[in-house]
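User: Hi, could you walk me through the sheet in this structure? I'm new to this, so plain words please.

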Amino acid sequence: MNIRYEVADKVATITLNRPEVANAQNAALLDELDAAWRRAADDDEVAVILLRAEGKHFSAGHDLKGDSSGPRPDKITLEMLYATESRRYLEYSLRWRNVPKPSIAAVQGRCIAGGLLLCWPCDLIIAADDAQFSDPVVLMGIGGVEYHGHTWELGPRKAKEILFTAQSVSGVEAERLGMVNKVVPRAELDTQALALAHRIAKMPAFGLRQAKRAVNQTLDIQGFYAAIQSVFDIHQTGHGNALSVNGYPILVDLEEMKHSNR
């Protein structure tokens, strides 16, 4: 299974379960993950959703060496890329963000590019002290991942820095910038994230729902939703350029991206 799902004490724990490839996201994993989010959202016994990952790394992003978007056609077109990414990347991430229940991401090791599309939609992020967040897709001729939360999560200057340089942001720095709520020792990540989930689960469900809606609605009034939609189209111009210049795909070696801190 690409995803494990369990419920205990009003907390639904969703676990990414491809540690042998650093939880790289193929089509099956993303579809199973979306199904798990929907299941938790619809379950009245679930008050809080906890997203975690098996293995050394949270996620190496989209599976560039395998099947990240389904069976590959004989000819890759911008229309095909747009349709696929609209659904599995943009639509999924926005839906998870708007689930009317508090969600927590527990992040360890590398969280690269598409990995951000999994943790950024969560309401809270607890990071291990070995966590590193990055989006090196400028190396592929693309201006950032599909769910472009960079400016909102990091501020404009730091967002530009990590995109321009392909450098990673540590959990400690991410906490200072407000992207991460708390940094904990790697050995304590799961226990502390679960303890936070249990604490939140004791709060009145309707109050939690309204509090989440209030904050998300404020961000949307400030332009979050419109910006995410608009920048998704900018992302697609990167694909268009790659198709016209090289016929696609431009692939950066996954292991290089995983370990690079340039």
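Analyst: We can go through the sheet, one of its strands and a crossover in turn, keeping in mind that this is a predicted model.

User: OK, what is the order of the strands in the sheet?

Analyst: The sheet is open and has six strands, which run in the order E1-E2-E3-E4-E6-E9, and the pairing between them is mixed. At the edges are strand E1 (3–8) and strand E9 (182–184), each of which pairs on one side only.

User: And in which sense do E1 and E2 pair?

Analyst: E1 and E2 pair in the antiparallel sense over six bridges, and Arg 4 has Thr 15 in E2 as its bridge partner. Two residues lie between the strands of this hairpin, where Asp 9 takes a positive phi near 55 degrees.

User: What about E2 with E3?

Analyst: Strand E2 (residues 11–16) pairs with strand E3 (residues 48–53) in the parallel sense, again over six bridges. In E3, Val 48 is the bridge partner of Val 11, while Leu 51 is the partner of Ile 14.

User: How does the chain get from E2 to E3?

Analyst: The chain crosses from E2 through H1 to E3, in a β-α-β crossover that is right-handed. Helix H1 (residues 27–42) packs on the sheet, where it touches E1, E2, E3 and strand E4 (103–107).

User: Different topic: is E2 enclosed or exposed, and why?

Analyst: E2 is largely enclosed by the rest of the structure, because six of its six residues are buried. Val 11, Thr 13 and Thr 15 point one way, whereas Ala 12, Ile 14 and Leu 16 point the other way.

User: Why do they alternate?

Analyst: In a regular strand, side chains alternate between the two faces of the sheet.

How values were computed: Residues numbered from 1 in each chain as written. Predicted model: local features only at pLDDT ≥ 70, side-chain atom pairs only at ≥ 80, totals over all residues. Heavy atoms only, no water. Pairing = 2+ DSSP bridges. Helix = DSSP H or I, 4+ residues; strand = E, 2+ residues; numbered from the N terminus. Contact = heavy atoms within 4.5 Å. Axes fitted to C-alpha atoms, helices over the stretch in contact; angles between N-to-C directions. Buried < 20%, exposed > 50% of the residue type's maximum accessible area, 1.4 Å probe, protein only. Right-handed = clockwise from strand over helix to strand, strands pointing away.
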